[in-house]
Amino acid sequence: MNIKIEESWKFHLQDEFEKPYFKELINFVKSEYSNHTCFPKGKDIFAAFDHCPFHRLKVVIIGQDPYHGVGQANGLCFSVNDGVPHPPSLQNIFKEIKRDIAINPPISGNLERWAKQGVLLLNATLTVRAHEAGSHQRKGWETFTDAVIKTISDKKENVVFLLWGGYAKKKGAKVDTSKHYVLTSGHPSPLSANRGFWFDNKHFSRCNDYLVSKRIEGIRW
């Protein structure tokens, strides 16, 4: 199956693309995009991989579903296109960055700049129907992204996994902590953050401290 994805990922995931579940998934996605408005744009479905090649990967952040509002999703979890207002979770991410490392929130909520430094912004489900949260769950994407996480855990070392909220923690449960650094906290959504489960986790400074300790350049958050 000819999947348009960055070449280093294609090399590591080629076997996954040939499995029956993935072929069924692609047929489902093609049908959905033909018959409904879906997000992100087709060219951006694998944007998380395209902007963060396997060999440059340093950090993994796991989200759940793409944004399902018009013009928001760009293929990177928690990220929105330039000019789009920052959703509440992203606002809280930027607030924690300011509290943690004193960097003011940027004008744009597009996190492509993180991805290009080696942050894989991975949603568990890579597509969604417009205005229908979770509409593409349990169609195969979760199996695929589990395989992505396992591939990273098995084939790389010293990757930082930032697992925010119960869903992400379950998703990253099988990461080999003997060779990777796993940080967990509540989700940055207002429901979690306002109950004290997000702020002051200091994940951004702790992530960079770990990377530097392994002689890896930190992320410019």
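Me: Which residues does serine 79 touch, not counting residues up to four places away in sequence?
Reply: Serine 79 touches Tyr67, Gln72, Asn74, Gly109, Asn110 and Leu111, with residues up to four places away in sequence left out. Keep in mind that this is a predicted model.

Me: Where does serine 79 sit?
Reply: Serine 79 is in the loop between β2 (59–63) and α4 (88–101).

Me: Is serine 79 buried or exposed, and why?
Reply: Compare its relative accessible area with the cut-off: buried means under 20%. Serine 79 has 0% relative accessibility, so it counts as buried.

Me: Which side chain joins that of serine 79 in a polar contact?
Reply: The side chain of asparagine 74 does, at 2.9 Å.

Me: What should I look for in backbone angles?
Reply: Start with the usual case. Most residues other than glycine have a negative phi, and most peptide bonds are trans. Now look for exceptions. Phenylalanine 78 is not a glycine, yet its phi is positive, at about 70°. Phenylalanine 78 lies in the loop between β2 and α4. It is buried, because its relative accessible area is 10%.

Me: What is the phi of histidine 131?
Reply: Its phi is near 65°, a positive value in a residue other than glycine. Histidine 131 is in the loop between β4 (128–129) and α6.

Me: Why does histidine 131 count as exposed?
Reply: Exposed means over 50%. Histidine 131 has 56% relative accessibility, so it counts as exposed.

Me: Which two residues does a cis peptide bond join?
Reply: Phenylalanine 39 and proline 40, with omega at about -5°. Proline 40 is in the loop between β1 (38–39) and α3.

Me: How do I find empty space inside a model?
Reply: Rolling a probe the size of a water molecule over the atoms shows where empty space is left. A search of the whole structure finds one cavity of 30 Å³ or more. About 30 Å³ of space lies in the largest cavity.

Me: Which residues line the largest cavity?
Reply: Pro40, Ile45, Pro66, Gly75, Leu76, Asn123 and Leu126 line it. You have already met proline 40, at the cis peptide bond.

Me: How do I read the sides of a helix?
Reply: An α-helix has 3.6 residues a turn, so residues three or four places apart point the same way. Try helix α1 (residues 7–17): here Ser8, Trp9, Lys10, Leu13, Glu16 and Phe17 are buried.

Me: What covers the buried residues of α1?
Reply: The cover includes α2, α3 (47–50), β3 (119–123) and α6.

Me: Let us stay with helix α6. Where does threonine 145 fit, and what does it touch?
Reply: Threonine 145 is found in helix α6 (residues 141–155). It touches Leu122, Asn123, Ala124, Leu126 and Lys171, not counting residues up to four places away in sequence. Its relative accessible area is 0%, so threonine 145 is buried. A polar atom of its side chain lies 3.3 Å from the backbone oxygen of glutamate 142.

Me: How many aromatic pairs does a search of the whole structure find?
Reply: The search finds 19 aromatic pairs. In one of them, phenylalanine 22 and tryptophan 141 meet edge-to-face, 6.4 Å centre to centre, with 85° between the planes. This pair links distant parts of the chain, 119 residues apart: phenylalanine 22 is in helix α2 (residues 20–35), and tryptophan 141 is in helix α6. Phenylalanine 22 and tryptophan 141 are buried.

Me: How are tryptophan 114 and phenylalanine 204 arranged?
Reply: They form a tilted aromatic pair, 6.4 Å centre to centre, with 50° between the planes. This pair too links distant parts of the chain: tryptophan 114 is in helix α5 (residues 112–115) and phenylalanine 204 in helix α9 (residues 203–213), 90 residues apart. Tryptophan 114 is buried, because its relative accessible area is 1%. Phenylalanine 204 has 0% relative accessibility, so it counts as buried.

Me: Which residues form one aromatic cluster?
Reply: Trp9, Phe17, Tyr21, Phe22, Phe46, Phe49, Phe54, Trp141 and Phe144 do. Look at phenylalanine 54: the charged end of lysine 156 sits over its ring, 5.0 Å from the centre.

Me: Which residues does glutamate 112 in helix α5 touch?
Reply: Glutamate 112 touches His51 and Leu76, not counting residues up to four places away in sequence. Glutamate 112 and histidine 51 are 61 residues apart along the chain, and their C-alpha atoms are separated by 7.0 Å. Glutamate 112 has 25% relative accessibility, so it counts as partly exposed.

Definitions and conventions
Residues are numbered from 1 along each chain as its sequence is written. This is a predicted model: local features need pLDDT of at least 70, side-chain atom pairs count only at pLDDT 80 or more; totals for chains, interfaces and linings use all residues. Side-chain values use heavy atoms; hydrogens and water are left out. Helices (H or I, at least four residues) and strands (E, at least two) are DSSP runs, numbered from the N terminus. Buried means under 20% relative accessible area, exposed over 50%, partly exposed in between (1.4 Å probe, protein chains only). A polar contact is a pair of N or O atoms within 3.5 Å; within protein, one must be able to donate a hydrogen and the other to accept it, and residues adjacent in sequence count only if both atoms are side-chain atoms. Contact means heavy atoms within 4.5 Å. Rings of Phe, Tyr and Trp (its six-membered ring) pair if their centres lie within 6.5 Å; planes under 30 degrees apart count as stacked, over 60 as edge-to-face and the rest as tilted. A charge sits over a ring if NZ of Lys or CZ of Arg is within 6 Å of the ring centre and within 35 degrees of the ring normal. On a 1 Å grid over the protein atoms alone, a cavity is a set of points where a 1.4 Å probe fits but cannot get out, and a pocket is an open set with protein on both sides within 12 Å along at least five of seven lines; lining residues have an atom within 4 Å of a point. Grid points are joined across faces, edges and corners, and a volume is the space filled by probe spheres set on the points.
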